[in-house]
Amino acid sequence: MTERAEAVPPGRLARLASLLLRPEDAAALAAFRFCFGVLGCVSAIRFLAYGWVDEFFVKPRFFLSYWGFDWLAPLSARGMHALFVALAVVSACVAVGFLYRAAIVLFLLGFTYVQLLDVTNYLNHYYLVSLLALLLSFMPLHRAYSVDAWLFPKQRSATLPAWCTYLLRVQVGAVYFFAGLAKVNSDWLLHAQPLNIWLSSRTYLPIIGPLLGERWVAFAMSWAGCLFDLTVVAFLLTPRTRVAAYAVVLFFHGVTKLLFPIGMFPAIMVVAALVFFSPSWPRNLARFFRRRASAPAPALPAPAAAPLPRFFGARVAVAACYCAFQLLWPLRTHLYGGNVLWHEQGIRFSWRVMLREKNGSVTYLVTDPRTGRTQEVPPRKYLNGRQERDFSTQPDLILRLAQQIALDFEAREGVRPIVRAHAPVSLNGRPAELLIDPTVDLASISDGLAKATWIRPVPTAPPIHLESLAWHRP
C-alpha cells in the first residue's frame with residue numbers, strides 16, 4: 001500500500017526526517033521478526049505440552065486481577081486451549097511473514113490478554129514480549145523475506161526505515177539499563193543477596209557445585225551482573241566491541257539459564273540484543289560462513305529522496321512520548337520512598353529482575369462487627385499452591401484477596417466484616433517480620449496508585465550470609 005507523502009520541509013524537521021526515514025537493509029529486522037515469531041510459537045507450545053494452560057488458567061478457582069482489569073475473565077477450558085493453539089499459529093505466521101499485520105496484532109491482543117488474567121503470572125519478559133509485539137504492530141516487517149512479499153510483490157521492499165531499529169533499540173536498551181540500575185542497592189552489592197541464597201542451594205551441581213557455595217562467588221556474580229546490565233548496551237552499540245559484547249550476552253544468559261529456572265527469559269534477551277547489530281548482519285554472517293561473496297546489500301536511495309509521510313510530526317511526537325514513558329515509568333518506584341523490594345509499590349513493569357528472595361505466609365482474621373466473633377480464613381480457600389506462594393509476599397495482592405473475602409462474607413451474612421491480615425515475610429534471608437499492619441481493616445481500603453500507609457516499614461536487620469554446606473553432604 002502506497003502512503004501519501006508530503007514534500008520534505010526545510011529545517012530541523014527535514015534533518016529529523018533524513019535520520020528516521022533513512023532506508024536501511026531489511027535483512028536484520030526480517031531476522032528479528034523470524035526469531036520473535038519462533039519464540040512466541042515455542043512458548044505457546046510449551047504451555048500446551050507441559051499442562052500449564054490448565055495449571056495457570058483453568059484449575060484456579062480465583063484470579064488476582066490487575067488493578068483496573070477486574071472485568072477480564074478467563075475463557076472456558078476449551079477456549080483457553082484454543083487460544084494458545086491460536087497463539088502458536090499466529091506466531092508462526094509472524095515468523096514467516098504471512099498475513100503479518102493481522103498476525104502480529106492478534107498475537108499482541110491474545111498474549112497480553114493472557115498475561116492480564118492473573119498478577120501472580122507476571123514475569124518481566126512477558127511484559128517485554130507484549131511491548132515488542134506492540135512496536136512490531138506498527139512496523140512493515142513483512143516487506144522483505146516473507147510470504148507476504150512473495151504473494152504481494154507491490155509490497156516488497158529490500159529496505160526499511162531506520163526508525164524501526166531505533167525504537168527497538170530504545171526498548172531493549174531500557175530493559176538492560178533499568179535492570180542494572182535496580183541492582184545498585186545494598187542487598188545486591190554489599191551483601192550479594194539474593195544470589196548468595198540461590199547459589200548456596202545449588203551446590204549439588206556437578207563440577208561447579210562446590211564453588212557456588214563460596215561467598216566470594218556470589219559477590220563476584222552480583223557485581224558482574226550489575227556492571228553487565230549497565231554497560232552492555234554501550235558495548236553493543238559500538239561496532240568495534242559489538243561481537244565481543246554479544247558473546248558476553250550469550251555467556252551471561254546461558255549461565256543464568258543453567259543456574260536458575262527463569263523460563264524463556266534468556267532466549268528472549270539473546271534475540272532482543274540482535275537489534276543492536278548492523279542492518280546487514282545476516283548477510284555478513286552468511287558471507288562469513290560461506291567464505292565467499294553472498295548476496296550484496298541492496299542499493300540504498302539517498303536519504304533526501306525519501307518522501308515525508310503524512311502527519312510525520314505527529315507520528316514523531318507519539319514515538320517520542322512512548323520512549324519517554326519507557327524511560328520514566330520504571331522510575332516511579334522512587335516516588336513511594338522506602339525499599340521497593342519490601343513494599344513492592346511500582347515494582348512491576350520497572351525491570352527489577354531477580355532482585356529478591358521473599359517468603360511469607362498469610363492468615364486473614366475476619367471479624368463480624370455485630371458479634372465481635374473472629375474467624376481465620378486461609379488463602380488456600382481461594383488460591384492454589386502456586387498462586388499462594390506468589391501472592392503471600394505482595395501487599396497489593398493481599399489487599400485484593402482481603403476485599404474479595406469481605407465481599408463474600410457480606411453476600412453471605414448481610415454485613416461488611418472487618419478483615420485484618422497476619423502476614424510475616426522474610427526478605428533476602430532476613431528474619432520474618434510483619435508486612436501488613438495487623439490492626440488495619442483491609443476491607444475498608446481502596447486499592448490504587450497512592451502510597452500505601454498500611455504496609456509496615458522494611459526490616460532494618462541486614463540479610464543473612466550463607467556458608468557452603470557442601471562439605472556436610474555424605
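Which residue stands opposite Arg 420 in β8? In this predicted model, the residue facing Arg 420 of β8 is Leu 365. A little further along, Val 366 is set against Val 419 of β8. Both pairs belong to the antiparallel match between strand β6 (residues 363–367) and β8, which is held over 5 bridges.

Strand β8 itself covers residues 418–422 and has two distinct faces. Val 419 and Ala 421 sit on the covered face, while Ile 418, Arg 420 and His 422 lie on the uncovered one. Put together with the pairing, this places Val 366 opposite a residue from the covered face of β8, and Leu 365 opposite a residue from the uncovered face.

Stepping back, β8 is part of an open sheet of 3 strands, ordered β7-β6-β8 and paired antiparallel. The edges are taken by β7 (374–377) and β8, each of which pairs on one side only. From one strand to the next, the twist averages 25°. The sheet also has a helix packed on it: α19 (residues 395–413) touches β6, β7 and β8, and its direction makes about 35° with that of β6.

A second open sheet turns up as well, again with 3 strands, this time in the order β5-β9-β10 and with antiparallel pairing. Here β5 (358–360) and β10 (433–434) are the edge strands; each has a single partner strand, so one side of each is left without a neighbour in the sheet. The link between β5 and strand β9 (residues 424–427) is antiparallel and consists of 3 bridges. Within the β5 and β9 strands, Lys 358 stands opposite Leu 427. As for what joins such strands in general, the pairing in a sheet goes through backbone hydrogen bonds, either parallel or antiparallel.

Then there are the helices. Helix α2 (residues 27–49) and helix α6 (residues 124–136) have axes that come within 12 Å and cross at roughly 135°. That angle makes α2 oblique to α6. The crossing of α2 past α6 is left-handed. On the α2 side, the contact is made by Phe 32, Phe 36 and Phe 47; α6 brings Tyr 126, Val 129, Leu 132, Ala 133 and Leu 136. Sorted by class, the contact of α2 with α6 comes out as 8 nonpolar residues, with no polar and no charged ones.

Definitions and conventions
Residues are numbered from 1 along each chain as its sequence is written. This is a predicted model: local features need pLDDT of at least 70, side-chain atom pairs count only at pLDDT 80 or more; totals for chains, interfaces and linings use all residues. Side-chain values use heavy atoms; hydrogens and water are left out. Buried means under 20% relative accessible area, exposed over 50%, partly exposed in between (1.4 Å probe, protein chains only). Helices (H or I, at least four residues) and strands (E, at least two) are DSSP runs, numbered from the N terminus. Two strands pair if DSSP finds at least two bridges between them. Axes are lines fitted to C-alpha atoms, for helices over the stretch in contact, and angles run from 0 to 180 degrees between N-to-C directions. Angles under 35 degrees count as roughly parallel, over 145 as roughly antiparallel, 65 to 115 as roughly perpendicular and the rest as oblique. A crossing is left-handed if the near helix is turned anticlockwise from the far one by less than a right angle, and right-handed if clockwise. Contact means heavy atoms within 4.5 Å. Ala, Val, Leu, Ile, Met, Phe, Trp, Tyr, Cys and Pro count as nonpolar, Asp, Glu, Lys and Arg as charged, and the others, Gly among them, as polar.
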